[in-house]
Amino acid sequence: MSGSTQRFDAVIIGAGFAGMYMLYRMREMGLYVRVFEAGGDVGGTWYWNRYPGARCDIESMEYSYQFSDELQQEWDWTERYAAQPEILSYAQHVADRFDLRDDIQFNTRVESAHFDEAGDVWRVTTSDGETATARYVVAATGCLSVPNEPDIPGSDSFEGEVYHTGRWPHETVDFSGKRVAVIGTGSSAIQAIPLIAEQAAHLTVHQRTPNFSIPARNGPLDPELQRRIKARYADLRERNKKMGFGFGARHPQNQGFVMEMSAEEREEWFERFWNNGGLTFGLAFGDMIIDKEANDVAAEFVKRKIRERIEDPAVADKLMPTSTFFCKRLCADTDYFETYNRDNVTLVDVNEDPIETITATGIRTASGEESYDCIVFATGFDAMTGALTRMDIRGVDGLALKDKWQAGPKTYLGLETSGFPNLFMIPGPGSPSVLTNMLPSIEQHVDFIADCMAYMDEHNLKRIDADPDAEEAWVEHVNEVADTTLYPSCNSWYLGANIPGKARVFLPLLGFPEYVEKCNEVAANGYQGFRLS
Ligand code: NAP
């Protein structure tokens, strides 16, 4: 096929949950679509993140599609929080059930997408030398899909096994009898470390920032609970749409404020959420992420609970989070802190004992060299913009997306960026995305885009582009909302702070229901804020 050009109505980049549902909707509309997917199968993040312990920390009954009632009724989840293999099987089931694979070209990476102004089409080139043209391009490229590979001196010289949690091999990795180093202590590491420690002869964890984590309290999903939820599934889905983060309506919620309660009352309330487990702890009080005093109270509660899980007070000191609570993505764990009570686990604080270089046989820190058989990078992702800016995307007048976004991404509603007509993002920076349950966010985006395309056809329109003024106002709005909270006060990937040289801009929008309302209003007003021609 090398050298050929195929014509499509739309090209979708990525066959994760966003790409799959976008394909489904476009096909229903009678569009001729091709999905290009770099991986060997569907599933996106769940295809690549196969590290030990990988699971979703949104509950299974909520982290699933709702567009098809038959689908949500027929699929049975086995655990409160599904593990990666089960979520991947679910994605594969969806692909089979709706015959999606016919229009997906696997093992094919999109290298470039250039807008041809004369013909109002996008010209897309792929890693296998093909060219495709399409009226629409939808980048369903994921928020956390480009691994962050830190530039540690000597990285290439290591002769042992090297892994990145975000690019885990498909073959079984056996750490038995091996000396393993993990770099990083974010969500991925917190899930992987307990399981690696069970296998390895010795595990050393290099920690840069200690993280807050709440016990997930995972377990088998009670079939009776599953039956009850399914009996009124639409009701739960609707109630979740009114939740700030798009999930958790089934759980206790407190609309009250930490500082308005007596010490005893708030202790009781925190305890309740602590026992409920996982990210639902974030629903405990409305002011934890707004008011520093309230935040400190919540942080003290969680730190006290963490300390109780660790036997050695010196190790506990190192593991005590120092940043604002909730400001970095909250983690949910199973036995993470208890893992440091094992004899075969060592914690190294890189602030006290920095990594100087990786050598052929191990890692040299300021205090000396340790030899390892395996190094696991659990160092996260170039979040939200990485997958978009690393493709050669050029819009009107040949403007490159990575140049336009040099000082930070600019979008309108996180759906389009001006100067790049008919190019949609699911979900782009400036949308609630990573601050929500991703599945309903994805469905909302896809439905908006599909409806918009239908509107364009009805009105005989060829181009839709974000209005630059609407875009400026939107970027300002996203930042204003973030500035009313404590989110910008620490070095998180929400701010791009984990990638050296990346512009420091708050990337997601806080507030799912308000966002959906705004999108509905925009659509009802003839796609206000977009230029249609
Ligand atoms: P992450 O949260 O960005 O964590 C990366 C870790 O690596 C951090 O501890 C970071 O330290 C450290 N690090 C980065 N560069 C380093 C360097 N040069 N030297 C030493 N340490 C370094 O990445 P992640 O754990 O892969 O998680 C990313 C996101 O994916 C999560 O926040 C979550 O949204 C999602 N996720 C979800 C689940 C789930 O649903 N359960 C599981 C995994 C991931 P600093 O904190 O100092 O930067």
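Let me begin with the ligand: 23 residues surround it, and those that come nearest are Arg55, Ser188, Arg208, Thr209 and Lys328, where a residue is near a molecule if one of its heavy atoms lies within 4 Å of it. Please keep in mind that this is a predicted model, in which local features need pLDDT of at least 70 and side-chain atom pairs count only at pLDDT 80 or more, while totals for chains, interfaces and linings use all residues. Residues are numbered from 1 along each chain as its sequence is written, and side-chain values use heavy atoms, with hydrogens and water left out.

The shell around the ligand divides into eight nonpolar, ten polar and five charged residues, with Gly counted among the polar ones and Asp, Glu, Lys and Arg as charged. Helix α5, residues 187-199, gives the largest share of this shell, three residues; helices here are DSSP runs of H or I with at least four residues, and strands are runs of E with at least two.

Turning to polar contacts, meaning pairs of N or O atoms within 3.5 Å, a nitrogen atom of the ligand is 2.9 Å from a polar backbone atom of Arg55, and an oxygen atom of the ligand is 2.9 Å from a polar backbone atom of Thr185. Taken alone, the ligand exposes 900 Å², and the protein buries 88% of that, by the Shrake-Rupley method with a 1.4 Å probe.

Finally, there is an open antiparallel sheet of three strands, in the order β13-β14-β15, where two strands pair if DSSP finds at least two bridges between them. Its edge strands, β13 (355-358) and β15 (368-371), each pair on one side only.

Definitions and conventions: A polar contact is a pair of N or O atoms within 3.5 Å; within protein, one must be able to donate a hydrogen and the other to accept it, and residues adjacent in sequence count only if both atoms are side-chain atoms.
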